[in-house]
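Please read the following alongside the sequence and the coordinates, moving between text and model as each element is introduced.

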Amino acid sequence: MNNRAQIRMLLDGRRLHMQDGPIDVIVEVFGDVGEIALAYRAAADRFVEILDELCRELAFLRRPARDDGDLPSGPIARRMLVAVRPYASQTFITPMAAVAGAVAEEILGTMTAAAKLSRAYVNDGGDIALHIAPGEKFVVGMVERPDRASLFGTTTIESGDPVRGIATSGWRGRSFSLGIADAVTVLADTAAMADAAATVVANAVDLPGHPRVGRVRACDLAPDSDLGERLVTQSVGELAPDDIRDALGAGIRVAESLRGSGLIRAAAVNLQGETRVIGAAGWAQRADVSAPARGLVHA
Amino acid sequence: MPVADDAIRCDACPVLCYIKPGRTGACDRYANADGQLVRLDPHVVLERAVSRGDTLVPFLEKSREWDGALLTGEETFVTAIGAGTTYPDYKPAPFIISSEVAGVDMVTVVTEGIFSYCGVKLKIDTDRHLGAECSTVRAQGEAVGHVTTNEYGSQMLSLGGVRHLTGGSRHEGTATCDALLNVCNRQAVELKIDDGATVIVQADKAPIVDGVQEERMRVGCGSATIGMFAKQWFGKVDEVVVVDDHITGVLSEHQAGKLLGVPETGIALKGRRSTPGRYFRVAEPGTSWGGTNIDDPLSILGPFDREVARPGLRLLMVSTTGEHHAYFELDEQLRPAEKELPAALRESVERIRENCEPALCTVLFMGGAGGSLRAGVTENPVKLTHSVRDALTRVTCGGAPVYVWPGGGITIMADVSRMPENAFGYVPTPALVAPIEFTLKLSDYATLGGYMDHVRPLSSITSISRDEESRRRLAARPDNPWPLASEKRK
């Protein structure tokens, strides 16, 4: 137990907001009133342990992942490493690339073990873990820029679909990105898998050496960043249509290969208003925002 | 802790980010502003909800749904919580907001002040002896304050102050800041008093003294208790001793007993007799019966006078809170033998308990707004002092009313329980970051040299359509005067 964490119901009386250090999650569960209370209590009890637990292995989690070698001891840390391992031999990646998704899964798992729920989501800063009981579904909306609340697409996830994790990565987000995508949203079987894959795909949406892309060494911005001296995107000027197409294409190629190996189920890649989507047949683009889309909107 | 490249280490959470100037930590909540760690929490906006009795939708209380009915305009007050600070204070306060109240343009200047001159006055409702006056109060082993006066039914402690914050060792300053932050944010803090008790304090909660949770304040001193209950005891018992560390009362000798005609009982009290039926120092101070150190009440009695006492004499001993009580009857050798408390007396013991209010810890934040903080409000800081003094400017802390100490400067006291949750932060100086708002008429603001070109309409704060979590909208507490209300202004 720590006394840093802030845990409270949001003013709508339905959603639970929990924050501790950099972890900031919004939870909503659906089911009988008693079950909801059980789920939230379990979520809160587990939540207060998480940051200290992760920080005990933080140095390890910030080092490049290897596909052999030791597993960390905490369940979340272990899930992080497992999620990034498939990429370890081809690219630079640390377990931190999956931290948000792994935390979301942990809280979701705690709640579904404690209570009988029809649906639940844990949104950890845009990385979302889903619980969908048989016959239930979620409608998911996506926004390209957190500061502009317009949906660039919606999709429906039904209980029979394998998807239980959604993650978004982009240079405008809270974490540093090596690429220039405004937003890459990935659907995968778990939130940690989605989180790692969104990072990898967003890094791939890139125009190396392009003069309109401002890049700074990560360590110059945050001395203890796991990205060290790697250049992270800080600004992207207006790009020519060909450049946008090339960058999106680079991202989509990576996304396709991940989809081929089952690491993701669908991806939507957005750059300066252009979006390319793979995998989601029912992914309705340019949804009518005025329609009361019941479901999640993440930024 | 400064490290290379002017980065500072944030110790707000175990991630321990190194933050470069102008950047935020991983949480986006703490930032390095010119070498100072500052907090950037979502801005707290107090909503004056029409008829709600609560301040926040409490965690896990689903029964009370938010009714969504919020008013706008003058009904919204922007607090300084999360506003950021002006330190080192040469620039205007982060938010200078105008809102129209009853046809008069009002300005609220909100800032989070960095208070080096600040502390907490802590009132702990207990009759137990916590420690001698002037004793050092420690948190995490470091001196963070001292024991001050004993008030009626309460022990006052003073925590913090500039000497502990910055005048001692680094550890002392950090422990002091930590204790102040937690106690102001209504968290539990464990305090150890030199040669005294260990007490866990938390605003609006009962103190826990040496592991025992205090329940009730005493109804009065032992003598006063005799006076209050003498009539109810008369005829049901022959003698009553109300055990109290301050003044222990004895019914048969007390003026109240004499008036009723209670006969002498031959009882002999230890301690020093003050006036008839009133005894000082029947035992040493402690955390047991009536704030003394005794566990056996008979230990404060000498042998009964054989000339006066008689077998079968009924004796009730009770503490000033009714928490401890015992009933005796004298045997053939005139020795008190404990018996079950008769029902008729149980009622009076219950009545004593009932008249004792719940024991609480209450926390007043006390701080002084320095010249530089005032400079964030006006180009001529002393004018703000004068304006506050003339009651043209209202000062609030996180929307809560404050008492402005008379005399020079702006030294304020505010009840932390009336402020929103987690209203306080800190900087590693170490110093406390507390919200402070100055509200005055727009015309008065211009007169005192305000930063008129920085005044923003309220709508620019409340209508920013970022995600709904970016501002904390709280219902105002109904027991706080509305900061913008004009009827309370002189």
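The paragraphs below go from the chains as wholes to a sheet, one of its strands, and a pair of helices.

This is a predicted model, in which local features need pLDDT of at least 70 and side-chain atom pairs count only at pLDDT 80 or more, while totals for chains, interfaces and linings use all residues. Residues are numbered from 1 along each chain as its sequence is written, and chains are lettered from A and ligands numbered from 1 in the order in which they are written.

Chain A has 7 helices and 15 strands, and chain B has 9 helices and 31 strands; these elements are DSSP runs numbered from the N terminus, with helices being H or I over at least four residues and strands E over at least two. Of the 299 residues of chain A, 49% count as buried, and of the 490 residues of chain B, 48% do, where a residue is buried if 20 or more other C-beta atoms, placed from the backbone, lie within 10 Å of its own, exposed if 12 or fewer do, and partly exposed in between. Taking contacts between residues at least 6 apart in sequence, 61% of those in chain A join residues at least 24 apart, and the corresponding figure for chain B is 65%; a contact here requires C-beta atoms, placed from the backbone, within 7 Å.

Confidence in chain A is given by pLDDT, the predictor's confidence in each residue on a scale from 0 to 100. Chain A averages 85, with 87% of its residues scoring at least 70. Among its elements, strand β15(A) (residues 296-298) has the lowest mean, 30, and helix α4(A) the highest, 96. Over residues 284-299 of chain A pLDDT stays under 50, and for this stretch the model has 39 contacts beyond four places in sequence.

In chain A, 9 strands form an open antiparallel sheet in the order β1-β2-β3-β4-β5-β8-β9-β12-β13, two strands being paired if DSSP finds at least two bridges between them. The edge strands are β1(A) (6-9) and β13(A) (274-278), each of which pairs on one side only. Within the sheet, β5(A) (residues 127-132) and β8(A) (residues 165-169) pair over 2 bridges, with G165(A) as the partner of A129(A).

Strand β9(A) (residues 183-188) pairs in the antiparallel sense with β8(A) over 5 bridges and with β12(A) (residues 266-271) over 5 bridges. L187(A) stands opposite I166(A) on the β8(A) side and has A266(A) as its bridge partner in β12(A). In a regular strand the side chains alternate between the two faces of the sheet. Both faces of β9(A) are covered, with A183(A), T185(A) and L187(A) buried on one side and V184(A), V186(A) and A188(A) buried on the other.

Helix α4(A) lies across β3(A) (23-30), β4(A) (119-124), β5(A) and β8(A), running at about 25 degrees to β5(A). Helix α4(A) (residues 99-114) also packs with α5(A) (residues 191-204) at about 170 degrees, their axes 7 Å apart; such axes are lines fitted to C-alpha atoms, for helices over the stretch in contact, and angles run from 0 to 180 degrees between N-to-C directions. The two helices are therefore roughly antiparallel, a term for angles over 145 degrees. Their contact is made by A100(A), G101(A), A102(A), A104(A) and E105(A) of α4(A) and by A191(A), A192(A), A194(A) and D195(A) of α5(A). These residues divide into 6 nonpolar, 1 polar and 2 charged, where Ala, Val, Leu, Ile, Met, Phe, Trp, Tyr, Cys and Pro count as nonpolar, Asp, Glu, Lys and Arg as charged, and the others, Gly among them, as polar.

Definitions and conventions
Parallel < 35°, antiparallel > 145°, perpendicular 65-115°, else oblique. Contact = placed C-beta atoms within 7 Å.
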